[in-house]
Amino acid sequence: MQTWLAAAEISAGPVFRAVARGGRVSDAALVAASAARIVKLYARRVGLDAATYSGHSLRSGFRTSAAENGASVFKMTEVSRHRSLDTLRGYVRRVDLFKEHAGAAFL
């Protein structure tokens with residue numbers, strides 16, 4: 001992430017931005033449809049079923065990774081702009097699914 005921010009010379013504003021053919025990075029945020037197209041493109045390139053991925057996969061992945069790394073639920077809601085902690089509960093629970101699980105040694 002730090003490499004992208006430095007290369008794109010981003011010090012404030014949206015992190016995910018459009019990049020023109022000449023390599024110029026836009027000041028505006030990447031629109032949802034473009035993000036979804038990019039996610040699907042790279043899912044296909046690595047051999048995944050692109051139909052099972054979307055732009056929402058980025059939001060989901062962020063929350064899951066943040067929870068795995070011990071981020072505060074309150075800080076995660078600040079970033080994701082959710083009004084309800086219930087929305088995050090499913091992701092945090094998923095992170096702990098196999099911790100101290102009886103079959104963990106088999107994974």
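**Entry 1: burial.** I count a residue as buried when its relative accessible area is under 20%, and as exposed when that area is over 50%. The model I am reading is a predicted one. By this criterion I find that 23% of the protein's 107 residues are buried.

**Entry 2: surface.** I then looked up the exposed area of the protein, which comes to about 8,300 Å². Carbon and sulfur atoms supply 57% of that area.

**Entry 3: elements.** I noted 5 helices and 2 strands. Reading from the N terminus, I recorded their order as α-β-β-α-α-α-α.

**Entry 4: contacts.** I took the contacts between residues at least 6 apart in sequence and asked what share joins residues at least 24 apart. The share is 15%.

**Entry 5: helix α4.** I turned next to α4, which spans residues 73–80. Which of its residues are buried? I found Met76, Thr77 and Ser80 to be so. Viewed down the helix axis, these buried residues of α4 fall within an arc of 100°, and therefore they line one face of the helix. On the face turned away from that buried side I listed the exposed residues Phe74, Glu78 and Val79.

**Entry 6: ends of α4.** What caps the N-terminal end of α4? I identified Ser72 as the cap, with a side-chain oxygen 3.1 Å from the backbone nitrogen of Phe74. Phe74 is thus named twice in my notes, once for this backbone nitrogen and once as an exposed residue. Beyond the other end, I recorded that Arg81, just after α4, takes a positive phi of about 65°.

Notes: Residues numbered from 1 in each chain as written. Predicted model: local features only at pLDDT ≥ 70, side-chain atom pairs only at ≥ 80, totals over all residues. Heavy atoms only, no water. Helix = DSSP H or I, 4+ residues; strand = E, 2+ residues; numbered from the N terminus. Buried < 20%, exposed > 50% of the residue type's maximum accessible area, 1.4 Å probe, protein only. Contact = heavy atoms within 4.5 Å. Areas by Shrake-Rupley, 256 points an atom, 1.4 Å probe, with all protein chains shown as cover. Arc of directions from axis to C-beta. Polar contact = N/O pair within 3.5 Å; in protein donor to acceptor, adjacent residues only side chain to side chain.
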